[in-house]
Structures are given as C-alpha cells and as structure tokens.
Amino acid sequence: MGGTNFGLNDSLKYFEFQLDSLDASGSNAEGAASTDWPLFLLGGKAPLSNIAAFKIIEAQIPFTYYVFNDVNTDNSSTNLARWTLTETGPGAGGPYYPKIVVGNVTGGSALATVLQTALNAVSSGYTVIYTTNTQKLRFQTTKANVTGFSFTFGTETNAGNKNARLYIGFPGGVTSSIGTTLFSPNVILLSGANYVYVNSNALGNLTNMYLPQGAVNLGGGNSGPQMAKIPINCSSGEVAYWQDPDPQKWFDVENLNVLNQVDFYLTLGNTSGETPLKLNGVSFSLKLAVLVNTFSHNDLGGGLAHQDRVIKRIRPF
C-alpha cells in the first residue's frame with residue numbers, strides 16, 4: 001500500500017470515524033434498538049469512494065447485556081434444546097422444563113439459589129450447592145419416591161445457542177445423577193463468554209476474518225459478518241476497552257466503489273441466539289479507520305532553479 005504513514009502517504013488518504021450507537025441514524029433491523037444494531041450514515045466532506053482498506057481499531061463495549069437472556073432461558077415447547085429435568089422412580093413426574101430468571105448473577109452461591117428456585121418451581125425437593133474449590137454445582141433431590149434424575153440440554157452435539165448449559169457447567173445431551181445427587185461436569189461461567197464479536201452486514205463479508213468450520217452458530221467458517229473479536233475483561237456493569245494490537249495490518253478491499261453508510265452489531269461468544277446482543281439501552285462505540293485510494297502520485301526532484309531541475313509533479317498512477 002505504499003508505506004505505513006497513511007496520514008501523509010502520497011497514494012492513500014486516511015479517514016477515521018468515531019461511531020457511538022447513540023449517534024445512529026436509525027436501526028438496521030426491525031424490532032432491534034438502534035443502540036444495539038445502529039445504522040450510521042457517514043458524513044464528512046463527501047461520501048467516501050475508492051476504498052482501499054478498512055479496519056475497526058478501537059472499541060468500548062459496556063457489560064450491560066444479560067448472560068442469562070430471553071433466548072438461552074427459553075423453556076417453551078418450540079425450543080427443542082431447552083433445559084429438561086427427567087425423574088425416575090415411583091414418585092417421578094415430568095418431564096419438567098425449568099426456567100432461569102433473565103439477568104446476571106454475582107457469585108456461585110447466588111447462581112445455586114437461582115437454579116434451585118427454577119427446579120422447585122416445576123418440581124419439588126431440590127437443593128443446589130456451589131462448591132468453591134471446584135467451581136462446580138451439586139444438585140440433590142429429596143422428593144418422595146424419586147430415585148434419580150437427569151438434565152438434558154439438546155443432543156450431545158448441542159452448541160449452547162438456545163440454552164444456558166455453557167454457563168452452568170453442563171455438556172450437550174444427557175447428564176444423569178448417581179442416586180439422588182448430580183454434579184455439574186464442568187465449572188460454571190458466571191460472566192458468560194469472555195469475548196464478543198463486532199459484526200456488520202454491510203462490511204463483514206468483505207473482511208478477510210474467518211472462523212473455523214466448527215463455529216456452527218456463526219456461519220461455520222464462511223466469510224463474515226464478523227469484523228473484530230473484543231475480549232470482555234470487565235465485570236457486569238463495567239465497560240470493556242479495546243485497541244487493535246496490530247493496527248498496521250488492514251483488510252484490503254482493493255477499490256470499493258463507495259462507503260456512505262454502515263451497520264454494526266454484537267454477538268456474545270460463539271453463540272448467535274441473541275442477535276443483536278441486547279445492551280439494554282446503553283450504547284457501544286467503535287473507531288473505524290478507512291484508507292482511500294487517491295489515484296495520484298507525487299514526483300519530487302531536487303536541484304537548482306537555474307538548472308531547471310526543480311520538479312514537483314502530481315500525476316495519476
């Protein structure tokens with residue numbers, strides 16, 4: 001691209017857009033808040049044309065979304081991957097479909113209480129205890145004439161898109177109790193996924209950023225709409241700040257004709273159940289850097305004026 005000094009480069013002009021979803025011209029999707037899926041009309045002196053490359057180089061993401069949201073706590077019959085409680089023994093009932101309260105939870109013991117409440121809302125006699133040293137949960141029932149129980153989260157290959165298993169320590173498929181006690185096989189994840197993706201329907205497919213084919217919730221390795229992966233290194237109620245650690249590498253789009261509007265939205269971790277990720281009225285902000293082809297080149301020469309050797313020529317490539 002003719003060097004990295006894009007502010008002074010003779011063939012590329014550098015533009016920077018500071019985008020806060022509060023400044024959106026509207027929502028890019030019906031039913032989505034403009035703070036969650038903003039559509040930005042790009043101003044400046046004129047619409048940008050002949051785009052050479054672009055990149056998100058900075059982000060501020062508020063942790064105001066819910067780890068336990070409307071999608072992964074859905075216990076309706078249309079959700080085939082919903083959390084299912086199955087009991088065995090003469091006193092068994094069900095199957096039951098516990099519903100976790102939407103929101104964020106602080107501390108393993110608080111999560112245990114939330115899950116215990118969900119279980120006893122559909123059945124009875126369940127206690128849940130969080131074990132600090134293992135960061136796992138123990139479930140136990142004293143329900144009369146129940147000899148065992150199991151939890152089901154879809155099939156064994158379930159990706160965790162429409163249930164909360166990733167956050168409460170369970171794999172896909174069936175996990176059964178030993179007697180009347182069941183331990184979560186995995187540790188809990190109270191803060192949810194440790195990253196979000198910044199996505200764009202307008203620019204994502206033009207970005208040479210790829211996920212593996214196993215990312216079945218996010219396109220299975222096809223191009224877009226992801227543009228950047230932002231680590232969430234803060235707690236609920238705080239803001240994650242991120243700057244591109246390698247800002248000299250760009251996503252080349254050769255010569256995109258025009259860029260006068262763009263949309264952005266977030267998705268949580270490797271899930272896409274809640275699209276866009278709901279920030280509950282709080283905005284996120286991005287810094288979008290754009291390089292534009294000038295299609296000109298400066299030729300500079302030195303010498304004495306009386307020798308006719310002073311040259312400054314601006315010409316097309």
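# Exercises on a predicted model

In β9, Thr 175 is the bridge partner of Phe 151. The structure treated here is a predicted model, and the exercises below start from this pair of residues.

## Exercise 1

Place the pair Phe 151 and Thr 175 in its sheet, and state which strands lie at the edges of that sheet.

Solution. Begin with the strands themselves: β8, which covers residues 148-153, is joined to β9 by 4 bridges, and these two strands run antiparallel. The bridge between Phe 151 and Thr 175 in β9 belongs to this pairing. Next, widen the view to the sheet, which is open, has 3 strands in the order β5-β8-β9, and shows antiparallel pairing. The edge strands are β5 (83-88) and β9 (173-176), each of which pairs on one side only. From one strand to the next, the twist averages 25 degrees.

## Exercise 2

Carry out the corresponding analysis for the sheet that contains β11, beginning with the strand order and ending with the bridge partner of Tyr 197.

Solution. The order of this open sheet of 3 strands is β12-β11-β16, and its pairing is antiparallel. At its edges are β12 (226-231) and β16 (265-268), both pairing on one side only. The twist from one strand to the next has an average of 30 degrees. Turning to a single pairing, strand β11 (residues 195-199) and β16 run antiparallel and are joined by 4 bridges. Within β16, Thr 267 is the bridge partner of Tyr 197.

## Exercise 3

Locate the cis peptide bonds that precede Pro 95 and Pro 276, and give omega for each.

Solution. As background, most peptide bonds are trans. The bond that joins Gly 94 and Pro 95 is cis, with omega at about 10 degrees, and Pro 95 is found in the loop between β5 and α1 (108-122). The bond from Thr 275 to Pro 276 is likewise cis, omega being near 0 degrees, while Pro 276 has its place in the loop between β16 and β17 (285-293).

## Exercise 4

Examine the positive phi values of Asn 50 and Gln 135, and decide whether each residue is buried, partly exposed or exposed.

Solution. The background here is that most residues other than glycine have a negative phi. Asn 50, which is not a glycine, has a positive phi near 55 degrees, and this residue lies in strand β4 (residues 48-62). Because its relative accessibility is 23%, Asn 50 counts as partly exposed. Gln 135 is also not a glycine and has a positive phi of about 60 degrees, but its location is the loop between β6 (126-131) and β7 (136-141). With a relative accessible area of 39%, Gln 135 is partly exposed.

## Exercise 5

Describe the surroundings of Asp 244, starting from its position in the chain and moving on to its contacts and its side chain.

Solution. Asp 244 sits in the loop between β13 (239-243) and β14 (251-259). Its relative accessible area is 12%, and therefore Asp 244 is buried, the cut-off for that class being under 20%. Once neighbours within four places in sequence are set aside, Asp 244 is in contact with Lys 55, Ile 56 and Ile 57. For Ile 57, which is 187 residues from Asp 244 along the chain, the separation of the two C-alpha atoms is 4.8 Å. Finally, the side chain of Asp 244 reaches the backbone nitrogen of Asp 246 at 3.1 Å.

Note on methods. Residues are numbered from 1 along each chain as its sequence is written. This is a predicted model: local features need pLDDT of at least 70, side-chain atom pairs count only at pLDDT 80 or more; totals for chains, interfaces and linings use all residues. Side-chain values use heavy atoms; hydrogens and water are left out. Two strands pair if DSSP finds at least two bridges between them. Axes are lines fitted to C-alpha atoms, for helices over the stretch in contact, and angles run from 0 to 180 degrees between N-to-C directions. Buried means under 20% relative accessible area, exposed over 50%, partly exposed in between (1.4 Å probe, protein chains only). Contact means heavy atoms within 4.5 Å. A polar contact is a pair of N or O atoms within 3.5 Å; within protein, one must be able to donate a hydrogen and the other to accept it, and residues adjacent in sequence count only if both atoms are side-chain atoms.
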